[in-house]
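Good morning, and thank you for coming. Today I should like to speak about a ligand and the pockets of one protein; please look at the structure as I go along.

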Amino acid sequence: MTTTAVSTYHALTEAEAIGLAAGLFPAGAGLECREIGDGNLNYVYRVSDRASGKGVIIKQALPYAKVVGESWPLTLKRAAIEAEALRKHGEYATGLVPEVYGTDEKLAYTIMEDLSHLTIAREGLIEGKSYPKLSAHIGEYLAQTLFHTSDFALHPFEKKRLAAEFSNPELCKITEDLIFTDPFFDYETNDFEPELRETVEAIWNNDRLKLEAAKLKRSFLTEAEALLHGDLHTGSIFADDNETKVIDPEFAFYGPIGFDVGLFIANLIAQGITRNGDGRGSIVGHIENTWQVFETRFTELWKNEGIEDFKEVPGYRESVLEKIFKDTLGFAGCELIRRTIGLAHVKDLDGIEDAAVRIESKKQALRIGETLILKRSELTSIQDVTALLKEL
Ligand code: SR1
Ligand code: MG
C-alpha cells in the first residue's frame, strides 16, 4: 500500500496516525496510539488494537534533527530512502528487516511491521542479554544485502540506477562530520568528560592517526560499493533469542561495504568493554561469528550468484574480502572514537555509573579505536581484533 499525500508536511497527530493505520486492522477495531520514539531524529507512533494488542508502527521524519532541535534542519527525503532501503534489503535478507506497509513522501512517514515483541539489542545487551543468534543473523544480513546490491551481483546499469536513487547527501554529511571529521579536531560538536581531555588532545595532535582517518573518510566519500544501511549500530536492531530485525536505514546510500560491518562490530566492542569474564566472552564470540558468517556467506554468494567476469581469477575474491576486512577495522575504529568523544554517544559507555570505571572504559574504547585505525593492515584475522578486547 502506498498512501496518497493529502496535504503538505505537518507533524502527525495521534488521531491522524490512527486514521492512517485503520485500514490495516479489522473494521471497527478500537485503536489507540502512543509515541514511542527514543532516537535522535524522528517520531515513532505505535497504533494498536486494544482488544488483540496487535499493532503497526508509523515512523515520521521531522524536518530537523530531534536530538538538536529546529536549528538543525534535515531533509524529509530520508523517510523515502529508509522505506525503499527496507524494501530493497528485504528482498535479500529474508525475515531480517520489518515489512513496509505504506509510505508517504510529503508527510515523510512509513507504516511498517510492529516489532514490539522484541527489544532494541543495545538495551538488551546492556541488561546482560546474550542474544545467541544475533551475530549469525547480522552476518547473514550483511552478506546478503551488501553482496546483492554490489557490482558483483548487479548489471552495472541497475547498480548505477540504485546508486542514484539512494543518493543521500544530507545524511551522509552527518556521518562525514560526526564520525570522520569532528572527533579528530577541537570542534564544538564534540562532547566528553574533562577527565578525558588529555587523551582527546593526544588524538587531535596525532597526525598519523588523522592521516588514516582522512583516508577512511575519503573512502566513505568516494567508494560506491553497495547499498549500505549506513547506521548499523546495536540501537538499529530489534532482537530476542530467536529473531533479529534491522531497522532505521535512513542513512542508506552507496558506500564502502566495510562501513556497515565496521559499525556493528564497533558497537559490539563498546558493549564488550563494559563486561567481564563470560559476559565479555559472549561478545567476543559475536564479533568473531559476525565476520565468519559474513565471509562464508559472501563467498558462497560470490561463487553461486556472482556475475563478475573476473570472479574465478585466483586471488580476486580473497583480495576483495581482505579490502573489506581492512575497511571494517578502520571504520570500526572511527565509530568507537566518535561514540566516546563525539556528539552522539552510546548508552553502553555513558551509562556506567561508577565515574572512575566509566572514564577508564572510555579510555579503553579510544585506545582500541586508535589501534583499529592505525593497525588495520597488520590485524589480519578477526581473532586479532577480539584479542584487543580479551587483553583489556
Ligand atoms: C544528529 S544524528 C546523530 C547520530 O544519530 C544517528 O543514529 C547517527 O548515528 C548519527 O550519527
Ligand atoms: Mg537511527
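How far is an oxygen atom of ligand 1 from an N or O atom in the side chain of R338? The distance is 2.8 Å. Please keep in mind that this is a predicted model, and that the distances were computed from it.

R338 has company. In the side chain of D231, an N or O atom lies 2.7 Å from an oxygen atom of ligand 1. R339 also takes part, with a polar side-chain atom 3.4 Å from an oxygen atom of the ligand. Taken alone, ligand 1 would expose 320 Å², and the protein buries 94% of that area.

Let us now turn to the shell around the ligand. Besides D231, R338 and R339, the residues around ligand 1 include N40, L41, V67 and W72. I174, L178, H233, F251 and A344 are also among them. By class, the shell holds seven nonpolar, two polar and three charged residues. Two helices, α6 (169–181) and α11 (316–341), each supply at least two residues of this shell.

Where does ligand 1 sit? The space it takes is the largest pocket. A general remark may help here: rolling a probe the size of a water molecule over the atoms shows where empty space is left.

The largest pocket has a volume of about 1200 Å³. Its lining is made up of 44 residues, and D38, G39, N40, G235 and D248 lie nearest its centre. N40 also belongs to the residues around the ligand. The lining divides into 20 nonpolar, 11 polar and 13 charged residues.

Which element gives the largest share of this lining? That element is α6, with four residues. Among the other elements that each supply at least two lining residues are the strands β2 (42–49), β3 (55–61) and β7 (109–113), together with the helices α3 (121–126) and α11.

I close with the second largest pocket, whose volume is about 240 Å³. This pocket is lined by 16 residues, and E295, L321, E322, F325 and T380 are the closest to its centre. Here the largest share of the lining, six residues, comes from α11. The helices α10 (277–305) and α14 (382–390) each supply at least two residues as well. Five nonpolar, five polar and six charged residues make up the lining.

To look back, α11 supplies residues to the shell around ligand 1, to the lining of the largest pocket and to the lining of the second largest pocket. Thank you for your attention.

Terms used: Residues are numbered from 1 along each chain as its sequence is written. Chains are lettered from A and ligands numbered from 1 in the order in which they are written. This is a predicted model: local features need pLDDT of at least 70, side-chain atom pairs count only at pLDDT 80 or more; totals for chains, interfaces and linings use all residues. Side-chain values use heavy atoms; hydrogens and water are left out. A residue is near a molecule or strand if one of its heavy atoms lies within 4 Å of it. A polar contact is a pair of N or O atoms within 3.5 Å; within protein, one must be able to donate a hydrogen and the other to accept it, and residues adjacent in sequence count only if both atoms are side-chain atoms. Accessible areas come from the Shrake-Rupley method with a 1.4 Å probe; for residues, only the protein chains shown count as cover. On a 1 Å grid over the protein atoms alone, a cavity is a set of points where a 1.4 Å probe fits but cannot get out, and a pocket is an open set with protein on both sides within 12 Å along at least five of seven lines; lining residues have an atom within 4 Å of a point. A molecule sits in a cavity or pocket if more than half of its atoms lie within 2 Å of its grid points. Ala, Val, Leu, Ile, Met, Phe, Trp, Tyr, Cys and Pro count as nonpolar, Asp, Glu, Lys and Arg as charged, and the others, Gly among them, as polar. Grid points are joined across faces, edges and corners, and a volume is the space filled by probe spheres set on the points.
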